[in-house]
Amino acid sequence: MRVSSRFVSGVLCTGLVLVTVGCTGSTENPFDALCADPVVVKCDPVDGPLSITVDAAAANDAVQGFAGRVQDAVTQTQREITLRADDPSAVQLDPEVATTPKWQFTLQPGGTDDALAGVLEAAAVPGARGVYAGLGWPSAEAATLDDVEPLITALSSTTLFADGGTFTVPSLRERFRLVYVPAFTTLDGVRAVVSVARDHPDAEVLLEAPTAGPNQPTFYVAHLTPDEATELAARLSAPEMASASVPGAPLEFVLTSLSEQGTDSLTGTFGGIAG
């Protein structure tokens, strides 16, 4: 059976995201020009990138303008692309795991790049890295546990983190995550959570808060011994710990330990305040 070249061309057009010769409309790959832009460090992969790394030193206006053009290409090709900037000071903990970027932002078909301005503002704060905005809380990474509170204080003045955010520290396995919601948790609470993480380096320490409905957080500590859990419950329940949360919304804790009898949990509130 003889198949016409026009038919073959039509089939190819249907199956490809990027238009080719013989298809209706432009024959150019929109990413060719984008990946050649002066702000671009790397496109991966080159011919149809899923991520684009931009120069961390590029001016915000240049990055914002570039992101607008990428958003147009994303909508045209119906493919999601992540923009990111590398952090030259980031330490690679595992040679097989990429270092934390200075910031990253995902552009989606039919979406906008409006929130990128907030990401760039937050990423400009000294000590901030891994700044990300998407579904859920915005997030950032502090260099060490000692840097968590200063970073929270600094980022709370930015548009992106005004209502709260997730904060982590570099780790081969994520064992520390703190969702700071200023409407519920005070900086005394932040210091208490960081202190627990410092005193229990083998434990998983998480201050979690939902993004939907009431954002009241709960403090979880796992992988404790029974004795550690008992001691920590007494420490968190002490009256002086009541300042960890705002009045009327006591911060709850759940401490999990493993013994020969199985898994046990101790619950309570900071300062021993009744819920």
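A residue counts as exposed when its relative accessible area is over 50%, and as buried when that area is under 20%. I wrote this down first, to sort residues in a model that is predicted.

**Entry: overall**

I began with the whole chain. The protein has 7 helices and 12 strands. Of its 275 residues, 41% count as buried. I then looked at contacts between residues at least 6 apart in sequence: 55% of them join residues at least 24 apart. The protein exposes about 14,400 Å². Carbon and sulfur atoms supply 54% of that area.

**Entry: backbone oddities**

I looked up His223. Its phi is near 70°, a positive value in a residue other than glycine. The residue lies in strand β10, which runs over residues 218-224. Is His223 buried or exposed? Its relative accessible area is 56%, so His223 is exposed by the over 50% cut-off.

Gln78 came next. Phi of Gln78 is near 60°, again positive in a residue other than glycine. I found Gln78 in the loop between α3 (60-77) and β3 (81-85). Its relative accessibility is 55%, so Gln78 counts as exposed.

Then I checked a peptide bond. The one from Asp44 to Pro45 is cis, and its omega is near -15°. Pro45 belongs to the loop between β1 (40-44) and β2 (51-54).

**Entry: helix α4**

I went to α4 (116-123). Six is the count I noted for cover: 6 of its 8 residues are buried, and the helix is mostly covered. The buried ones are Leu116, Gly118, Val119, Leu120, Ala122 and Ala123. What do they pack against? Their partners are α3, β4, β5 (129-132) and α5.

**Entry: helix α5**

I followed the packing to α5, residues 148-155. Here Val148, Leu151, Ile152 and Leu155 are buried. They cover an arc of only 100° around the axis, so they sit on the same side of α5. The buried residues of α5 pack against α4, and also against β6 (139-141), β7 (165-168), β8 (176-180) and α6 (187-199).

Past α5 I stopped at Thr158. It is in the loop between α5 and β7. Its relative accessibility is 4%, so Thr158 counts as buried. What touches Thr158, leaving aside neighbours within four places in sequence? The contacts are Glu121, Ala122 and Val125. Of these I had already met Ala122, as a buried residue of α4.

**Entry: Tyr180**

I picked Tyr180, which is in strand β8. Its relative accessible area is 8%, so Tyr180 is buried. I listed its contacts, not counting residues up to four places away in sequence. Among them are Ile152, Ser156, Asp163, Gly164, Gly165 and Phe167. Thr185, Thr186, Leu187 and Val190 are also touched by Tyr180. Ile152 is one of the buried residues of α5. I also took a distance along the way. Tyr180 and Asn215 are 35 residues apart along the chain, and their C-alpha atoms are separated by 10.0 Å.

**Entry: Gly110**

Back towards α4, I looked at Gly110. Where is Gly110 placed? The residue is in the loop between β4 (103-107) and α4. Its relative accessible area is 67%, so Gly110 is exposed. Even so, I found contacts for Gly110: Gln71 and Thr75, not counting residues up to four places away in sequence. Gln76 is 34 residues from Gly110 in sequence. The C-alpha to C-alpha distance of this pair is 9.0 Å.

**Entry: a pocket**

Last, I turned to empty space. Rolling a probe the size of a water molecule over the atoms shows where such space is left. I took the second largest pocket, which holds about 220 Å³. Which residues line this pocket? The lining is Phe105, Thr106, Gln108, Gly111, Thr112, Ala115, Tyr132, Ala133, Gly134 and Leu135. What is its make-up by class? I noted 5 nonpolar, 5 polar and no charged residues in the lining.

How values were computed:
Residues numbered from 1 in each chain as written. Predicted model: local features only at pLDDT ≥ 70, side-chain atom pairs only at ≥ 80, totals over all residues. Heavy atoms only, no water. Helix = DSSP H or I, 4+ residues; strand = E, 2+ residues; numbered from the N terminus. Buried < 20%, exposed > 50% of the residue type's maximum accessible area, 1.4 Å probe, protein only. Arc of directions from axis to C-beta. Contact = heavy atoms within 4.5 Å. Areas by Shrake-Rupley, 256 points an atom, 1.4 Å probe, with all protein chains shown as cover. 1 Å grid on protein atoms, 1.4 Å probe; cavity = no way out; pocket = protein on both sides within 12 Å on 5 of 7 lines; lining within 4 Å. Points joined across faces, edges and corners; volume = space filled by probe spheres on them. Nonpolar A, V, L, I, M, F, W, Y, C, P; charged D, E, K, R; others polar.
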